[in-house]
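Biologist: Could you walk me through this structure? I'd like to go one question at a time.

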Amino acid sequence: MKFWFKRMLTACMLTLTVGMAGLSLSAAAQTPTEASAPVAVEAAASAAATAPAAAAPEVTATVNKGDVAWMLTSTMLVILMVVPGLALFYGGLARSKNMLSVLMQVMVVFSLIVVLWAVYGYSLAFAGGNAFIGTFDKLFLSGVTLQTLADTFSPDAKLPELVFVAFQSTFAGITCALIVGAFAERIKFSAVLLFVVLWFTFSYLPVAHMVWSSTGYLFGHGALDFAGGTVVHINAGVAGLVGAYVVGKRIGYGRESMAPHSLTLTMVGASLLWVGWFGFNGGSALEANATAALAFINTIMATATAVLSWIAAEAVLKGKASMLGAASGAVAGLVAITPAAGTVGVMGSIALGLIAGPVCLWGVTGLKKMLNVDDSFDVFGVHGVGGIVGAILTGVFTAPSLGGTGAADFSIASQVVTQALGVGITIIWSGVVSFIAFMLIKTLVGLRVPEDAEREGLDIASHGESAYHM
């Protein structure tokens, strides 16, 4: 056990070294135009309390039908990312005997988490609270009605709170669904469901609160995370890495062929992810405005650039550019631009994509070999590594001198330190929660299916059906 634990620590140390020098520097205060994505409903009240008594005429906030329409559309687009996008992307990467099990895990995990979001997740993430967690004030969506409103980043614009609840539920759902790709093809279905409940409660909700709630620790330190580099991708990537170690390698890993059974489906899934990501990033502006347009075009440019940079690096290193590389490059670009989508300029997004492609290629090849881990669908190599790259470089390319939207006194050094702090806290928090959750479940119900069930395939062994009939 000590060997995989050392490897997990090695992964954490590799990621924590980026930008951690000089943590004693104070973080730049975050202005409303620089704010990271979805903030709590109480943010405007906090801002109003600090405003000068008679500075300007009172602003009357209104609900714009265009904002509502855009946010409802964005919510549907994020669901498209998960079912069918992520499900097909992962399913194509699996062996044919495990195709349905992967589809089942993604769909059911997403469904379970969005229900838990309404029961207690929204309240613990966004209903006031301290620096690390919210309250139970909105348990079962208590007090959330047709009349209650949620804040946006503009003092004169509001959203129906139900819209904000729905949008944020999809973020929680896809984050938990991402994790299952790391230990696919050998884990019990019951263990997956138990794990995501524990991890959602004790990792996703605290990290989301710290980053996106106005009372959160990292929000208060000025950490920038427009749409979920830390909350979604690093958080899920670390959980997947820990899970891959604790669950163990697939039978025959390194000796038998475990090639994807359908790169056609993987390409379709990657394409749906790209389309859905416009809602993921563009919707995080919370309004149909110029910031949404910036996030939209950045999602195009970073992704396209990462496709090109990944296959170019692949061609140099392996002699051929692959379809799997192009699809993986697209996801790497999407992951890297997520925390920066609304704060970097278009050229900054291209730079991010250029860097993310080869770095994530190394993450799924060189780093994966160093860690000696069977991360089935490279959750950590793409989402973990790509999320870290994006989160750190958000502190660079948000600078106005590099085309970003930062304030005139924006300090790259100070912001990078703040970003690194967010990365470090997320890695440690998710890693510890994930390890404890997996070990608890291993003791209670076990993690792996029996060897004969794994060899037969989880489609038949766990669900009694098959994706393909010969």
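Biologist: How many aromatic pairs does a search of the whole structure find?

Modeller: Keep in mind that this is a predicted model. Two rings of Phe, Tyr or Trp pair up if their centres lie within 6.5 Å. Searching the whole structure that way, the number of aromatic pairs is 19.

Biologist: Take Phe126 and Phe164: is that pair stacked, tilted or edge-to-face?

Modeller: The ring centres of Phe126 and Phe164 are 5.1 Å apart, and the angle between the planes is 70°. Planes over 60 degrees apart get their own label. So the pair of Phe126 and Phe164 counts as edge-to-face.

Biologist: And which helices does that pair tie together?

Modeller: Phe126 and Phe164 are both buried. They are 38 residues apart in sequence, and Phe126 belongs to residues 99-126 while Phe164 belongs to residues 161-179, so the pair ties together helix 4 and helix 5.

Biologist: Phe171 and Trp212 pair up too, so how far apart in sequence are the parts they tie together?

Modeller: This pair is edge-to-face, with 5.9 Å centre to centre and 75° between the planes. Phe171 sits in helix 5 and Trp212 in helix 6, so the pair bridges a sequence separation of 41 residues.

Biologist: Is Trp212 buried or exposed?

Modeller: The cut-off for buried is under 20% relative accessible area. Trp212 has 0% relative accessibility, so it counts as buried.

Biologist: Which residues are linked into a cluster by ring pairs?

Modeller: Phe171 and Trp212 already form one pair. Ring pairs link them with others, and the full cluster is Phe167, Phe171, Trp212, Trp277 and Phe280.

Biologist: Which helix gives the largest share of the largest nonpolar core?

Modeller: That core has 122 residues, and Phe183, Phe195 and Phe280 are among those with the most contacts inside it. The largest share is 13 residues, and it comes from residues 189-212, which is helix 6.

Biologist: Now helix 3: where is its kink centred?

Modeller: Helix 3 runs over residues 65-93 and spans 41 Å from its first C-alpha to its last, close to the 42 Å expected. There's still a kink of about 40° in helix 3, and its centre is Gly85.

Biologist: One more: what separates the C-alpha atoms of Val416 and Ile392?

Modeller: Val416 is in helix 15, and it counts as buried because its relative accessible area is 14%. Val416 and Ile392 are 24 residues apart along the chain, and the separation of their C-alpha atoms is 5.9 Å.

Technical notes:
Residues numbered from 1 in each chain as written. Predicted model: local features only at pLDDT ≥ 70, side-chain atom pairs only at ≥ 80, totals over all residues. Heavy atoms only, no water. Core = buried A, V, L, I, M, F, W, Y, C linked by side-chain atoms within 4.5 Å. Buried < 20%, exposed > 50% of the residue type's maximum accessible area, 1.4 Å probe, protein only. Helix = DSSP H or I, 4+ residues; strand = E, 2+ residues; numbered from the N terminus. Expected span 1.5 Å × (residues − 1). Bend = angle between axes of the 7 residues up to and from the residue. Phe/Tyr/Trp six-rings, centres within 6.5 Å; stacked < 30°, edge-to-face > 60°.
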